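Biologist: I would like a close look at one single part of this structure rather than a general tour. Please choose a buried charged side chain, show what surrounds it, and then set it in the context of the rest of the chain.

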Amino acid sequence: MEQRKGGARVPRAVSVLAGLLERAAELGDDAPASSAAAAFRGRALPAIPVRRYAERIYRYAGCSPACFVVAYVYLDRLAQRPLEDGDAAAEAPAVVGVVDSYSVHRLLITAVMVAAKFMDDMHCNNAYFARVGGVEVVEMNGLELELLFALRFRLNVTPDTFARYCAALEGQMLVPMPAAAAAATDEEEEAERRRRGDHQGALLLIRKAKDGAATAVRERAGVGSRAAAAAGVPVVVPRVAVEMIAR
């Protein structure tokens, strides 16, 4: 399984889903605690925001973006108000009544893990998901069982239902992001563009250094490029290129 470590770009659908869960958690904080999510409630509020948590799962768990859509289906089924076949796609479900700030992180990591096992041909095990999610392996195993029994093992998602949830998330993408979230996203994209530009610039410097060394040997010895390559010319790579590559 290939993990997307580093500056991997997170699909907008993942961020949109995290935003929906954040709003649902805020509403859930003001509502009576749901018995459906009692097993997922933590003792303290997690320090990481839901949006960052979802991005972390995507980058390090190695699951496909479709798993987040299926995880959304599972959370709505847990809330007993899924957007199933025949429902209006324009009305995005909000999983209100199940998630709150104390349970949303554990529900998300568990739903994505179960979705990855059901959807992806290759997936990480519970121990790895536990490390990504910041929970103990024993707790991760227990949360998985809790979700499976709460869903009554109804894990199958029809193509029509999947398409409706994709349409619901796509509709939410048209809603303007909060100013703070939009600014953070723009900063991340700009940092990624700078990193890629620096990397390309470093490769160009290294290539020029190699070409310059080979040219110098040819001029001194009066030989062709093959002989210059066979001469084992030491190439001094500019320090700035090394620093740029190491970023």
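Modeller: A residue is called buried here when its relative accessible area is under 20%, exposed when that area is over 50%, and partly exposed in between. Please keep in mind that this is a predicted model. By that cut-off Arg106, which I take as the part to examine, counts as buried, because its relative accessibility is 19%. Arg106 lies in helix H4, and, when residues up to four places away in sequence are not counted, it touches Phe40, Gly42, Val135, Glu139 and Leu143.

Among these neighbours, Glu139 deserves the closest attention, since Glu139 and Arg106 form a salt bridge whose closest N and O atoms are 2.7 Å apart. The pair links distant parts of the chain, with Glu139 in helix H6, which covers residues 137–150, and Arg106 in helix H4, which covers residues 104–119, so that 33 residues separate the two. The partners are not equally covered: Glu139 has a relative accessible area of 30% and is therefore partly exposed, whereas Arg106, at 19%, is buried.

The pairing of H4 with H6 is found again at another salt bridge, in which Lys117 and Glu144 bring their closest N and O atoms to 2.8 Å. Lys117 belongs to helix H4 and Glu144 to helix H6, so this pair ties together parts that are 27 residues apart in sequence. Here the acidic residue is the buried one, Glu144 having a relative accessibility of 13%, while Lys117, at 30%, counts as partly exposed.

A search of the whole structure finds 5 salt bridges, and another of them involves a buried arginine, namely Arg51, which pairs with Glu22 at 3.5 Å between the closest N and O atoms. This pair also links distant parts of the chain, as Arg51 is in helix H2 (residues 50–61) and Glu22 is in helix H1 (residues 12–29), 29 residues apart. Arg51 is buried, because its relative accessibility is 13%, and Glu22 is partly exposed at 22%.

The setting of Arg51 can be read from its helix. In H2, 9 of the 12 residues are buried, so this helix is largely enclosed by the rest of the structure; the buried set consists of Val50, Arg51, Tyr53, Ala54, Glu55, Ile57, Tyr58, Arg59 and Ala61. From its first C-alpha to its last, H2 reaches 16 Å, close to the 16 Å expected at 1.5 Å a residue. The residue that follows H2 is Gly62, with a positive phi near 70 degrees.

Ile57 connects this helix with the nonpolar interior. In soluble globular proteins, nonpolar side chains tend to be buried together. In this model the largest nonpolar core has 54 residues, and those that touch the most other members are Ile57, Phe68, Tyr74, Val112, Phe129 and Met140. At least two residues of this core come from each of H1, H2, helix H3 (66–78), H4, helix H5 (126–133), H6 and helix H7 (159–173). Leaving aside neighbours within four places in sequence, Ile57 is in contact with Gly62, Phe68, Leu108, Ile109, Val112 and Val132.

Beyond H6 the description turns to the surface. Leu145, Phe149 and Phe153 make a nonpolar surface patch of about 350 Å². Phe153 is in the loop between H6 and H7 and is partly exposed, with a relative accessible area of 46%. Arg152 is found in the loop between H6 and H7 as well, and, in contrast to the buried Arg106, it is exposed, with a relative accessible area of 61%. Positive phi values in residues other than glycine occur here, with Arg152 near 55 degrees and Phe153 near 60 degrees.

As for the wider context, the chain has 10 helices and 0 strands, and 38% of its 247 residues are buried. Of the contacts in the chain with a separation of 6 or more, 81% are made by residues 24 or more positions apart; the salt bridge of Arg106 with Glu139, which spans 33 residues, links distant parts of the chain. The accessible surface comes to about 13,700 Å², with 55% belonging to carbon and sulfur atoms.

Methods: Residues are numbered from 1 along each chain as its sequence is written. This is a predicted model: local features need pLDDT of at least 70, side-chain atom pairs count only at pLDDT 80 or more; totals for chains, interfaces and linings use all residues. Side-chain values use heavy atoms; hydrogens and water are left out. A salt bridge is a side-chain nitrogen of Lys or Arg within 4 Å of a carboxyl oxygen of Asp or Glu. Helices (H or I, at least four residues) and strands (E, at least two) are DSSP runs, numbered from the N terminus. Buried means under 20% relative accessible area, exposed over 50%, partly exposed in between (1.4 Å probe, protein chains only). Contact means heavy atoms within 4.5 Å. Accessible areas come from the Shrake-Rupley method with a 1.4 Å probe; for residues, only the protein chains shown count as cover. A nonpolar core is a set of buried Ala, Val, Leu, Ile, Met, Phe, Trp, Tyr and Cys residues joined through side-chain atoms within 4.5 Å. The expected span of a helix is 1.5 Å times one less than its number of residues. Patches are made of residues with over 30% relative accessible area and no salt bridge: like charges are joined within 9 Å, nonpolar side chains (Val, Leu, Ile, Met, Phe, Trp, Tyr) within 5 Å.
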